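Colleague: Please take one strand of this model and go through it closely. I would like to know what covers it, what pairs with it, and how the chain around it is built.

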Amino acid sequence: MFGAYLPRKPSRALVIGSGALQIGQAGEFDYSGSQAIKALKEEGVYTVLINPNIATIQTSEGLADQIYLNAITPAFVEQIIEKENVDALLLSFGGQTALNCGLALWDSGVLERHGVRVLGTPVEAIRTTEDRELFKQALDQIGVVTARSRACASTEEARAAAAEIGFPVMLRGAFALGGKGSGIVETPAELDAKLRRAFDGGVPQVLVEECLRGWKEIEYEVVRDGRDNCITVCNMENFDPLGIHTGESIVVAPSQTLNDEEYQLLRTIAIKTIRHLGIVGECNIQYALDPHSTDYRVIEVNARLSRSSALASKATGYPLAYVAAKIALGYALPEIPNGITRRTTAFFEPALDYIVCKFPRWDLNKFQGASVEIGSEMKSVGEVMAIGRTFPEVIQKAIRMLDIGCDGLEPAVFDPAGDLRTQLTATPSRIFAVAGALTEGFSVDEVHAHTGIDRWFLDALDDIVQTRMALAEAGRAVAEPLLRQAKLQGFSDKAIEKLCDLKKGEVRKLRRHHGIRPYLAQIDTLAAEFPAETNYLYSTYHAQQDDVAPSTRKKIMVLGSGAYRIGSSVEFDWCAVNAVQAAAELGYETIMVNYNPETVSTDYDTCDRLIFDEISLESVLDIYEREQPEGVIVSMGGQIPNNLALRLHQAGVRILGTSPDDIDRAEDRSKFSALLDELDVDQPRWSLVADVAEADAIVEGLGGYPVLVRPSYVLSGAAMSVAHEENELQRILERAKEVSPEHPVVVSKFETHAREIEIDAVADQGELVLWSISEHVEDAGVHSGDATLVLPPQKLYISTIRRVRQIATQVARGLNITGPFNMQFLAKHNAVKVIECNLRASRSFPFVSKVTNANYAAEATRRMLGVRRPVRNESLDLDYVGVKVPMFSFSRLVGADPLLGVEMTSTGEVGCIGDNLHEALLHGLMATGFQPPQRGVLLSLGPWEDKFWFTDEARVLANELGLPIYATAGTARMLADVGVACTMVGKSESEPNNAITLINDGKVDLVINVPREYDRFGRPDGYLIRRRAIDAGVGLITDRQLARAVVDALRWQRDHDHELVSWNVLTAPRGVGETTQLRLARRSDSAA
Amino acid sequence: MQLILEDGTTFTGTAFGATTGVAGEVVFNTGMSGYVETLTDPSYRGQILVLTYPLIGNYGVPPPRAAGSLTGPFESDRIQVQGLIVQSYVDAYSHYAAGRSLADWLIAEGVPAVTGVDTRTLTRHLRAAGTMKGRLIANGEATTTRLREVDMRQDVFRQVAPRAATRHGQGDHTVLLVDVGAKDNIVRSLLARGVRVIRAPWFEDLSTYFDEADGVLIGNGPGDPSDLEPLIAQVRRMLDSGDKPVMGICLGNQILARAAGAKTFKLPYGHRGVNQPVQDLLTRRCFITSQNHGYAVDHDSLSDDWEPWFINLNDGSNEGIRAKTRPYFGVQFHPEARPGPEDTGYLFDEFVRAIRRPAYA
């Protein structure tokens, strides 16, 4: 407005990413980092990115100028600063990981030494927000109230502080993400236990605070520019009172139970505090507010983009990350245009004329032994956001979006046990227990007394419960007013059909008859006060007309991935975004449907029209009927859209790519098995168990144990498991909800000591276009999402590779595939068997696309749209190796057994590239937090063949790497037999020399535990050792093949340095025989 | 009940307040909290108010305040709007300070209200077609029925002003608050800064208080400033005769401008909300403000003795003026907030500082 005033624009900026997705730090940072890079590129700043998360949009071609897929450690970042001649650093877009790394670089003087400026919030201010004591002092200076607290660096200090404040107290860890190590502590004994976990887990300082249980938890997102203009973009209220981490809480925006006095009180304090702290950019401030007065406490300030800021961006349409990046470059808020209205500026506070509800997605039942109680530590792995105009409408939408098998707020759907208080304990299914209690006639006041949830929310839930009962009573005679009321309260057609005993599709017909339909409304940031051209839309039954008419251009619709969960995460967002971009390049208008606020696909500038809504048969049909696209892409968002293919097709929707009938042939086990037989392709033997009594005979027929067991009817639970013997099979069958001819259990032969291979491919009318083969480092049996993937394969027989490709070619023809697909194989002694085939983009699409530098998602989209361009497939003969390494979050899941199996448990992944397997593997492991051992290694090797197998590696560890070896009894005996020196330790803490104490004392920094036997809880042997390693933050390897690969790599590392090379340099087309070194030399020549 | 707009557009909903039919100008407000403050703001006198935030009633309404009391969140001693239109009224309120539901309050004060209206579509219509009059009537009621309506040219200014002057507070200095429907929080804001307040109705002879007062504040109010010629004439004499600090808020700003010879005009659909961005043209600093006005000062018509002070960042319209050499200034927004952001509360500090330091001029 008054001309841009830029103090000193950087010329080469480094953005630090957040690394692998893990609990507490998920896809939201792909969104914020991508926005920041976009803002930098607009200003012509040369941008370098470090982020090993290969599945992200930010690490894709066309955003940053140089991308480093490496571990985010101070040493590596320093190397990049030198190499890329970086003069500015952005710390606030990569979560706590980036912030901590930046602080370390500042403290060690690296930034000063290299003349690197930190853009945005100054490091001193970040430090104040991160150090609890400094923070408290700073807020005291301006009379802002914080919780009474003591920062403690030792157990003794913490005990004294708790005694002074009085139990219960709140315990928090400083410098920790997702509230790690925190919780309400009721007794001194509990305090000691939690302190040990926190201090052992590497938390340097804990905070003992007054407990404000039951207070309201409120957050504000605040933006301040370098000229002291300051606004609050959004406020949010937690459904759950204080005590539940905000990442674990259902959250609504804007606040619902605050009157204006309270709203403004907290807003004014937010601005005063942020000015005083000197934040430049974006931050989040959290409050506790007494529900009985205007008494408040500031809980914390996050001086960076956060999960909440991603949510606030999506909730309001205000692009917080983009604006924060512009501010970091020196712009003032009124100089930044509002991209939604295109006629106002970024200096305003959005007015919402709708309500937003965020609901976390947990996967706790995937973990054996993990506690299901939720509290002040984050355990959820994803979240959904629903938009509507009343709380019932959004909460019911949100519950369906979770994809946990619920059609909305269904009472007591998870069979709660115990008295009301027990049922209402904070767990992922508490809201269903609340609905159950209300249905049974407990009053809102009673439920409030047990949960502390504000009556306002409970009253709204009670409205839903009452309508449910009215629907059930009305039955098939349901009249128009009740139907309309149900739709206004967010009931799905399916839920109404179930309650009223109507046939499938009948409610849709009734709705059409009565003219009851949802309308699309714009998210325009200003509650319609100004005309907006925004394409950001949601649907609601509370409107009487659409805000925008469908366009007349040729267009397609892409269905996104929904909530991140274990097994489906940022990689499918990458696929969906690339599909949209590829279609847009071909001149199509693109409609994106997704409801996950942590994504890039839900940025309104990613597509032509963003419909932030459910991905269900009902909602997709509503949108399809209204927008009339040429077709729908269901193969880029993972399993949720893929599962809709057949039903959408049957309802008359045109599905792009492979025909839904063929998708069904791949998904239906019997049909697919028949196809393989027809093609003369081998598969593991399998059978259906429809009666528990037959199980033994069937297993016998398959060739005996072990077998893989897969129940067909599972309500949001662990799906697969391996039975090694009869009793175990019986246990698993008992766990399955139902075993019957309608819901049979699939039992298949489980192959041991076999290799597992994957092919990711794009086909066009049955012919392969792009394909790449990756091998697992681990033996078959580790879920492909938890396996370490190597591309191109380094150890497969050429004949195996040939056979894999042949099978893929046959299957592609057999299913007449057009678009993406992925197959998994077992290989044992050259015999190749097909495990499964998915006719959709796979988890490894971004990995193979980036390693081979061929965009599989874009190519698949072009083929689905009938566009053929010549493509070169180079995926076998590469001059480098890509390795994908899973990231686990076991440290956040108290009690969970950190063991790999057929069920996926990893929460994220990294992909790194090196000149050889050793280098790539080490980079990958380091990027997931692994540190090469220096103090000692504990070996506990389980089965005798593994022990024997590992002797060479044990020798390398002991002799060549000079590491002290400790071993449990059996392993120690084997090592003695082969002449490797080691110290024997016991497995149980009661023994004098034992593994647990060894880990506690820090004598080992790597534990290799390959388990076999089971203890009396049915847990694999060595659980205590593994759990102790995780809780103490010590590296843990539980697979023998991975263990061997790691030892090989460590040996290689002894004689080699880690020189970092960017993805762009590594994968660019190169001349014959040109090595990475030569390329680097040439690049530095041309730079000079 | 039905809302029938001047252009014939009709919106139907369910009554939740009184069921009396009313007529008035239909305006929308985009604030997300503060319905008690908004409903009692005298600037809304005679208007039918549409709230764009869909959930209204969540935190109920505090018990009635005692006669003569100035306590918040009430901004005057009654509901001022003609009628209220919301998307979804929430009857089951939850708040420690609440004593009754919004519906109970509306019924007690005889104010009609409608829920179940698509207020976004209504707002888009008002924005596109401009503010217009509307009638709120019970379903089936004859459209020819004579409805309760406020005469916006004359009566409205009498209805919102006190019958006689009142005095408030203790202090070393005195402010004369010219009341054309001033919000109570203007008084509270002055009292909090330790000055005495004489709250005098605009139609009295203000010169009788002038000797006693150290400064004059012309408050907010409803209607078109050009209909207040008698007050403008009084203010003009005040400006010409003395050099005591004069501050205008909202309508007061427009009165000040007209007294100084400038023009005012009607905005297409006004500024009503708590998120209006303004910029101080001298310091370039920006603030989020609470606003409620349908008219604005034409800053091109200011004489050489005056200058524009604040502008609206959204549409560039004037948000404040000041005299170049005398302690006279006015702002179009509400520094007293209630509802809305408190960012510009410092203007009261500046005003009181000017009063305490007469050499300011």
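Modeller: Strand β12 of chain B, residues 174-179, is mostly covered, with 5 of its 6 residues buried. The model is a predicted one, and the values here are computed from it.

Two strands pair with β12(B). One partner is β13(B), residues 196-201, which runs parallel to β12(B) and is joined to it by 6 bridges. In this pairing Val175(B) lies opposite Val197(B) of β13(B). The connection between these strands involves a helix: β12(B), helix α5 of chain B (residues 184-191) and β13(B) make up a β-α-β unit, and its hand is right. The other partner is β14(B), residues 215-218, also paired in the parallel sense, over 4 bridges. There, Leu176(B) faces Val216(B) of β14(B).

As for the chain around the strand, chain B contains 20 strands and 9 helices. Its radius of gyration is 20 Å, and the globule rule gives 21 Å for 361 residues; the two are close, so chain B is as compact as a globular protein of that length. The C-alpha trace of chain B spans about 65 × 40 × 35 Å along its principal axes. Buried residues make up 58% of the 361 in chain B. Taking the contacts in chain B between residues at least 6 apart in sequence, 75% join residues at least 24 apart.

Chain B also touches chain A. The contact draws 42 residues from chain B and 45 residues from chain A. On the side of chain B, the elements giving two or more residues are α3 (119-129), β16 (263-280) and β17 (286-298). Of these, α3(B) provides the largest share, 5 residues. By type, the residues on this side of chain B are 16 nonpolar, 17 polar and 9 charged.

In chain A, one element can be described in similar detail. Helix α9(A), residues 260-277, has 18 residues and reaches 25 Å from its first C-alpha to its last, close to the 26 Å expected at 1.5 Å a residue. Of its 18 residues, 13 are buried, so α9(A) is largely enclosed by the rest of the structure. Just after this helix, Gly278(A) has a positive phi of about 80°.

To return to the strand you asked for: β12(B) has 5 of its 6 residues buried, with 6 bridges to β13(B) and 4 bridges to β14(B).

Key. Residues numbered from 1 in each chain as written. Chains lettered and ligands numbered in written order. Predicted model: local features only at pLDDT ≥ 70, side-chain atom pairs only at ≥ 80, totals over all residues. Buried ≥ 20, exposed ≤ 12 C-beta atoms within 10 Å, placed from the backbone. Pairing = 2+ DSSP bridges. Right-handed = clockwise from strand over helix to strand, strands pointing away. Rg over C-alpha atoms; globule rule 2.2 N^0.38 Å. Contact = placed C-beta atoms within 7 Å. Nonpolar A, V, L, I, M, F, W, Y, C, P; charged D, E, K, R; others polar. Expected span 1.5 Å × (residues − 1).
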